[in-house]
There are 2 protein chains.
Amino acid sequence: MDDYRYLDYSKTVRLCEEVFQKNGYSAEDAAIITDVLLESDLMGIESHGIQRLELYCSGIDMGRIFPVAKPEVVQETPVSAVVDAHESIGHLAGVFSMNLAIKKAKSTGIAVVTVRNSTHYGIAGYYAMMAAKENLLGLSMTNTEALVLPTFGKKAMMGTNPIAVAMPAKPYPFYLDMATSVVPAGKLEIYFKEGKPVPEGYVLDAEGKTTINAGDFINIRKNKTDGGLLPLGGSGKLFGGHKGYGLSLLVELLTGILSGGITSNHVRIKFPAERCCHFFMVVDYGLFGDKEAIESHMSDYMEELRKSAKAYGQKRIYTHGEPGLEKRQSIIERGIAVNKKTYQELCAVCDKFGLDQKEYIKERSQ
Amino acid sequence: MDDYRYLDYSKTVRLCEEVFQKNGYSAEDAAIITDVLLESDLMGIESHGIQRLELYCSGIDMGRIFPVAKPEVVQETPVSAVVDAHESIGHLAGVFSMNLAIKKAKSTGIAVVTVRNSTHYGIAGYYAMMAAKENLLGLSMTNTEALVLPTFGKKAMMGTNPIAVAMPAKPYPFYLDMATSVVPAGKLEIYFKEGKPVPEGYVLDAEGKTTINAGDFINIRKNKTDGGLLPLGGSGKLFGGHKGYGLSLLVELLTGILSGGITSNHVRIKFPAERCCHFFMVVDYGLFGDKEAIESHMSDYMEELRKSAKAYGQKRIYTHGEPGLEKRQSIIERGIAVNKKTYQELCAVCDKFGLDQKEYIKERSQ
């Protein structure tokens, strides 16, 4: 980790808020976007946090993201809504739509909101956690640009299509946030920035052969050639690659199809629009029994898991969300980790918007 | 396939119906159970079909399944219900509960029904397809006895916990039915019956080491020792084993926890009760737009997938459900494939219930 620098958290919040305001957002909206973005870093998911600030800025520059657009409800029932994001930034469309799903579920018990014509919304888990904080079960999914190969295919036809779920429990909620590809695209961005080789079984190159060069993936993405990420379960069917492929199609169905939007193989195709789609679902588990009893049942089960017999050489079994939430406070204290390349990008962003680096990028001593 | 025999389909239907009636079921209930059971064989899923007839019979003998019990609604809202199956056979509890979810979704748009105190319900996909046949989106999940290891663990704490989804489309629906383990337990039963070695990365033995002996898994299951199946994504986190583990916990949450039932690590523990739990969800996708437009969008996307560029050496890309549904009619014509051991079991079942083998077990010429 020698190549890492650690940035003061509250300064970084101010940096992001300033940058989004310079990009045309109100102070309130800039604060929402910043909260989604930096929550990723606080959970230890470097790939989806501050390292993408520069990407969002360039997305706005290129006209892929429209800062002036506002998400709009275009179809609605007591248990559902379809939102047209009108190419607003995904974080705002996501928070708007999840809040709508929460409001409906509080009244009817279950609600689904689908979103079309949106843009990258950051970590899927943020929205699921919004519901969990209201003592509701939350689900969040999104399609993305096409980066993932169907089983036996060599052309990317699906997105990395994360599935996120959050359910209240003690001491940690059940908080799952997983790309349905073998790894998320952001992980490859990190391998590339760090110049490290990628494990075999993550990426197929343009000829459909396995590669350990993260640069191959970056080029596939940039030039939209054949090749891409393998689905969860890997190549072929022997270890369940067709299952990861199937989960990815489920996400396409719930996001691109059920929103009247587009599937990942059409996202970002007609420049400049991105037009990815999201899915949010909220369930008030009080429909099924006493809420406290249900929460404590989930808490007890996760405790049984953590305490169960460890495999040879292993000291600890984790439940989902535990590692991130456990480290959250210490990351706030330690500062946000950025690698060298991201650090340089942040300095360039400051320069571009006339912000004093010293005021916004303060390193913390380690 | 030399060891296989092919049984006349309509005779096999009659055999199953007779056997379930001999076990105390009405003609109507025996027909429902038989339809679920043999649909698996018709879809080419040998592991969950007629090869398990003997297991269900012995489950009834042992008092694990109560033939006289009837599923009962114990809690209900317009969008939800909790069903207590009272240890009735899972197929009947499943059909009853999915019908209830379909009825509710036709009125409200979305419905969830959870089931507790049930028994093995056959293929999860059968119930999802019940909704798709009514032009609705169907989901079905179940927990099972504990057979699957958490990441870094050596004691099975989750079931194989399948997720099934069915969505109408042409010429084939999207029909996903996948264990969240690397393979379903039934697959190991087949490896064992055929005496074939298991690929490395499916099973860890009682010491937590990888094994290629299907008999190890059969013993782990029988004696409830440490060891078990790996989750989708395999051992550790490198290829996403923690994701398969997370999906499995999601199924435990939606089935065992949200039904007021039990998680897989408690299923089949207190003899004779099994007490596994199910989850059914139905969404009327008309909530989100014109139904025909949504169906044809899904059909078009799946056609794009099937036509997309093939990986080196591959001739065909499948969408989920296509291989099974494509072969369905030919399997009816060809007959149901059973291996030698299953054939012997069926003969023994005939003997036990005083059924004339010649009348019920008719081989078809190949």
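Author: Two residues are in contact if their C-beta atoms, placed from the backbone, lie within 7 Å. Keep in mind that this is a predicted model.

Reader: OK. Leaving aside its neighbours within four places in sequence, which residues is B:Val115 in contact with?

Author: Outside that stretch of four places, B:Val115 is in contact with B:Val83, B:Ala85, B:Ala93, B:Ser97, B:Ser259, B:Cys277 and B:His278.

Reader: B:Ser259 is a big jump in numbering. How many residues apart along the chain are B:Val115 and B:Ser259, and what separates their C-alpha atoms?

Author: They are 144 residues apart along the chain, and 5.5 Å separates their C-alpha atoms.

Reader: Where does B:Val115 lie? And is B:Val115 buried or exposed?

Author: B:Val115 is part of strand β4 of chain B, residues 110-118. B:Val115 counts as buried because it has 30 C-beta neighbours inside 10 Å. The cut-off for buried is 20 or more.

Reader: Next strand. How many residues of β6(B) are buried?

Author: Five of the five, so β6(B) is largely enclosed by the rest of the structure. B:Ile163, B:Val165 and B:Met167 are buried on one side, and B:Ala164 and B:Ala166 are buried on the other.

Reader: Why do the residues switch sides like that?

Author: In a regular strand the side chains alternate between the two faces of the sheet.

Reader: Which strands are joined to β6(B) by bridges?

Author: Strand β5 of chain B, residues 137-142, runs antiparallel to β6(B) and is joined to it by four bridges. In that pairing B:Gly138 stands opposite B:Ala166. β7(B) also runs antiparallel to β6(B), with five bridges, and there B:Ala164 faces B:Asp177. β6(B) and β7(B) make a hairpin, with six residues between them.

Reader: Helices now. How many residues has α9 of chain B, and how far does it reach?

Author: Helix α9(B) covers residues 291-307, which is 17 residues, and spans 24 Å from its first C-alpha to its last. That is close to the 24 Å expected at 1.5 Å a residue.

Reader: Which residues in α9(B) are buried?

Author: B:Ile294, B:His297, B:Met298, B:Tyr301, B:Met302 and B:Leu305. They are on the same side of α9(B), because they cover an arc of only 130° around the axis.

Reader: Why would residues spread along a helix end up on one side?

Author: An α-helix has 3.6 residues a turn, so residues three or four places apart point the same way.

Reader: What do the buried residues of α9(B) pack against? And what sits on the face turned away?

Author: They pack against β6 and β7 of chain B together with α8 of chain A. The face turned away from the buried side carries the exposed residues B:Glu292, B:Ala293 and B:Lys307.

Reader: So chain A comes in. How many residues does each chain put into the contact?

Author: Chain A gives 64 residues and chain B gives 64 residues. α8(A) gives the most to the side of chain A that touches chain B, with seven residues. That side divides into 34 nonpolar, 22 polar and eight charged residues.

Reader: What turn lays chain A on chain B?

Author: A turn of 180° with a shift of 0.0 Å along the axis, giving an RMSD of 0.0 Å. That is the relation of a two-fold axis. The same surface serves both copies, as 100% of the contact residues of chain A recur in chain B.

Reader: Which residue of chain A comes closest to the rotation axis?

Author: A:Gly233, with its C-alpha at 2.5 Å.

Methods: Residues are numbered from 1 along each chain as its sequence is written. Chains are lettered from A and ligands numbered from 1 in the order in which they are written. This is a predicted model: local features need pLDDT of at least 70, side-chain atom pairs count only at pLDDT 80 or more; totals for chains, interfaces and linings use all residues. Helices (H or I, at least four residues) and strands (E, at least two) are DSSP runs, numbered from the N terminus. Ala, Val, Leu, Ile, Met, Phe, Trp, Tyr, Cys and Pro count as nonpolar, Asp, Glu, Lys and Arg as charged, and the others, Gly among them, as polar. Copies are superposed by least squares on the C-alpha atoms of residues with pLDDT of at least 70 in both. The expected span of a helix is 1.5 Å times one less than its number of residues. A residue is buried if 20 or more other C-beta atoms lie within 10 Å of its own, exposed if 12 or fewer, and partly exposed in between; C-beta atoms are placed from the backbone. The arc is that of the directions from the helix axis to the C-beta atoms. Two strands pair if DSSP finds at least two bridges between them.
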